[in-house]
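Here are a few exercises to work through at your own pace. Try each task yourself before you read its solution.

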Protein chains: 2
Amino acid sequence: KPRKRKPLPPQAVNSVIDGLKRLYVEKIKPLEETYLFGPFHSPPLTPSDFDSKPMVMLLGQYSTGKTTFIKHLLKREYPGAHIGPEPTTDRFVAIMQGQDERSVPGNTVAVQADMPFNGLTKFGTAFLSKFECSQLPHQLLDHVTFIDTPGVLSGEKQRTMRSYDFTGVVQWFAQRSDLILLLFDPHKLDISDEFKRVIGALRGQDDKIRVVLNKADQVETQQLMRVYGALMWSLGKVLNTPEVSRVYIGSFNDRPMRAENTPLGAQLFEAEQNDLMADLNDIPRKSVDRKVNEFVKRARAAKIHAYIVSSLRARMPFMGKAKVQQQIIDNLEEEFDKIQREHHLPRGDFPNVDYFREVLQGYQISNFNKLNPKLLKNVDDVLGIDIPDLLHKFRNPYD
Amino acid sequence: KPRKRKPLPPQAVNSVIDGLKRLYVEKIKPLEETYLFGPFHSPPLTPSDFDSKPMVMLLGQYSTGKTTFIKHLLKREYPGAHIGPEPTTDRFVAIMQGQDERSVPGNTVAVQADMPFNGLTKFGTAFLSKFECSQLPHQLLDHVTFIDTPGVLSGEKQRTMRSYDFTGVVQWFAQRSDLILLLFDPHKLDISDEFKRVIGALRGQDDKIRVVLNKADQVETQQLMRVYGALMWSLGKVLNTPEVSRVYIGSFNDRPMRAENTPLGAQLFEAEQNDLMADLNDIPRKSVDRKVNEFVKRARAAKIHAYIVSSLRARMPFMGKAKVQQQIIDNLEEEFDKIQREHHLPRGDFPNVDYFREVLQGYQISNFNKLNPKLLKNVDDVLGIDIPDLLHKFRNPYD
Ligand SMILES: Nc1ncnc2c1ncn2[C@@H]1O[C@H](COP(=O)(O)OP(=O)(O)OP(=O)(O)O)[C@@H](O)[C@H]1O
Ligand SMILES: Nc1ncnc2c1ncn2[C@@H]1O[C@H](COP(=O)(O)OP(=O)(O)OP(=O)(O)O)[C@@H](O)[C@H]1O
Ligand SMILES: [Mg+2]
Ligand SMILES: [Mg+2]
């Protein structure tokens, strides 16, 4: 049963994000808790999930210039950064705003409630020891958190070198990122098996992906065109979307362009770099939109989940519960169909049957909560009234 | 039974091609005729099939500059050329060496034994009236024949506008071409359904394909990079080969480059144009290689065909021929297996079963010729002795 909470004071709703936070605590979280949304979907949101800065993740083969790219944007190295021609960055690093310069180890970061990284504990300590948070005071970091990553490896056998689920971790960050930069350099174009798995893990996040063809001044123009063409040729197949990913061609570091290749460089690279900066500047605005969007998706999922759980509960008889429970588990697909029809719910928004069945096996359906119309009305209010009101009142603060 | 022919005088074998021609007439054609290779595969080769100049076919949407490209190479228009912003070229045009300038209609061209276009009759007069041969005296045409084509149309409904099998005709020319240029321009990038079918018809000829991104000076550099990237993105999916097609970026006409976009143009486009010219100059040499290669393929196919036909003939009983014929037709796949094992033939070189069955239905197997070891030895000699000798003696005249 939902615990009673004191409502937040109205003046706290001073921005869209605060509004969402309040709606969540007052109207969505109680429903999630009543119907066990957490174990079936994802843990309840914490304040840090709302407050977290927009994230930009950099991915690419080793030595394509990911760490240098971040250094270029910050105009300095972040604490703990390593730059070099061999695979250097051996961990995931979250580069965040902080009053002092320091590097916090992953195991510590993951348990801090005010950091948006609690969810990473599921990847185990083998991963957490390859994760750290690098803090420094920097104006840019007021608006954006960067995720630097270890270079993607080439060659199938290298896969065994990872002591943790690399692809899973990338996916976790990708879902929470606002922009994903895929870095290539003219001498490192091949898309290895690990890279393919990584790109596969980005499915559904395609609109966040930007491709950077870095170190473009390292080769002469004709060569660059070959390289760029080959990159697009294979990316089109790997990403497999009809929309072409935006590619930025340039050299993102502080050193001057290589003189031999400047006729193209001076003109093109500068324009490309400006475009990429504009794209980065646009992130905070888009991040608010994304948060609203994900909030709406979560509210819808929680509503459907509540109907499923309470409907299954209603199917339980007074006697012979175990048998009916087994029937329900066996015919879960049909149960979903019935629930969908009865409550006129969109089938596409239903959860994955197999995963739901697996979790269900750990519960007694007869212990589930019954349908509580008031809790469901709350969600409908959020979706139909509160969020539109909120957007109308505050607009996007970045607009 | 093979008719007796006077052998060509040895001095006629003064080049690889003449050597092939002689080997064909003396050692392959008799076998082909004995075992009806023509109806089951393709008509006997004529002298013009050997003597025909290397062909370069231009394909692309309307107005991408195909006709202008040919004009640019010849430094003049060919008789009957039309250039303009709307769909202009409404027919296939073979641009060939000739003493006088003239335009010969397709129906006439197709029946001329000294022209390599007899095979086109199978596309009917609806096509032949959309085909012509444009002749003019020109040094370049000593080495190459160009095939100008009507622009590929966009929009599914346009398909009905063709009164003939456009894709089939493209395929016919593609098989006989040494180079296939796919032209795009920055404003005509989309690969329509007809274009997809056309590209599909080029399957197996991938190594002949070169892509030309024409009119590249019409857009500024950043735009050009977008356009080029998008082209490679979709071409990679449509051509579906791991090898990246060579793309030439430039503006292939006589007008000066557009000044605003010259920094890239002057450098890059010139280098690209030079590369493409080098590729074109290389055609005669490659064409000889291709002809040898295709000759070998044909000889192998004729040999396998002879084994099939004579083996089926050997299966026929004295009585009850009709029943056995039907059994053979029904179990043709197994018959092929048996023949393959018995004579140690490569399975991959066997003809398509279904097509073979279809043709077979029009014949009495009992009327086929029996195995003639001497005819088969001839083919083995050609493959094992004569052709290696020929290549040793003459090399490629262009090497
Ligand atoms: N734009 C650039 N032009 C030329 N050299 C560059 C550029 N960016 C980075 N480099 C050089 O490339 C090498 C690799 O850079 P960096 O360490 O930033 O790559 P990385 O992608 O972070 O690699 P890893 O995955 O191993 O961490 C360094 O020697 C760096 O100086
Ligand atoms: N490299 C170029 N730069 C600028 N304009 C060009 C270029 N090549 C051709 N054009 C112009 O584009 C138009 C179409 O040219 P052209 O008729 O050669 O195209 P096409 O591909 O043969 O078209 P169709 O398929 O209709 O025969 C003409 O107006 C021509 O002047
Ligand atoms: Mg690094
Ligand atoms: Mg034309």
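**Exercise 1: a pocket in chain B**

Start with a contact: a backbone N or O atom of B:Gly84 lies 3.1 Å from an oxygen atom of ligand 2. That is a polar contact, meaning a pair of N or O atoms within 3.5 Å.

Before going on, note that this is a predicted model, where local features need pLDDT of at least 70, side-chain atom pairs count only at pLDDT 80 or more, and totals for chains, interfaces and linings use all residues. Residues are numbered from 1 along each chain as its sequence is written, chains are lettered from A and ligands numbered from 1 in the order in which they are written, and side-chain values use heavy atoms, with hydrogens and water left out.

Task: What else holds an oxygen atom of ligand 2 in a polar backbone contact, and how much of ligand 2 does the protein bury?

Solution.
- Step 1. Look at B:Ser63: a polar backbone atom there is 2.7 Å from an oxygen atom of ligand 2.
- Step 2. Move to B:Gly65, where the backbone gives a distance of 2.9 Å to an oxygen atom of ligand 2.
- Step 3. Now the area: ligand 2 taken alone exposes 630 Å², and the protein buries 91% of that (Shrake-Rupley method, 1.4 Å probe).

**Exercise 2: the pocket in chain A**

Task: How many residues surround ligand 1, and which are the closest?

Solution.
- Step 1. Count residues with a heavy atom within 4 Å of the ligand: 24 surround ligand 1.
- Step 2. The closest are A:Ser63, A:Lys66, A:Thr68, A:Thr88 and A:Thr89.
- Step 3. Check a nitrogen atom of ligand 1: one is 3.4 Å from an N or O atom in the side chain of A:Asn253.

**Exercise 3: the magnesium ion**

Task: Which protein atoms are donors to ligand 3, and are their residues buried or exposed?

Solution.
- Step 1. Look for N, O and S atoms within 2.8 Å of the metal (3.2 Å for Na, K and Ca); water is not among the atoms, so the site may look incomplete.
- Step 2. You find OG1 of A:Thr67 and OG1 of A:Thr89, lying 2.0 Å from the magnesium ion.
- Step 3. A:Thr67 lies in helix H4 (residues 66–74) and A:Thr89 in the loop between H4 and strand S2 (92–97), so the pair ties together parts 22 residues apart in sequence. Helices (H or I, at least four residues) and strands (E, at least two) are DSSP runs, numbered from the N terminus.
- Step 4. Both A:Thr67 and A:Thr89 are buried, that is, under 20% relative accessible area, with exposed over 50% and partly exposed in between (1.4 Å probe, protein chains only).

Terms used:
Polar contact = N/O pair within 3.5 Å; in protein donor to acceptor, adjacent residues only side chain to side chain.
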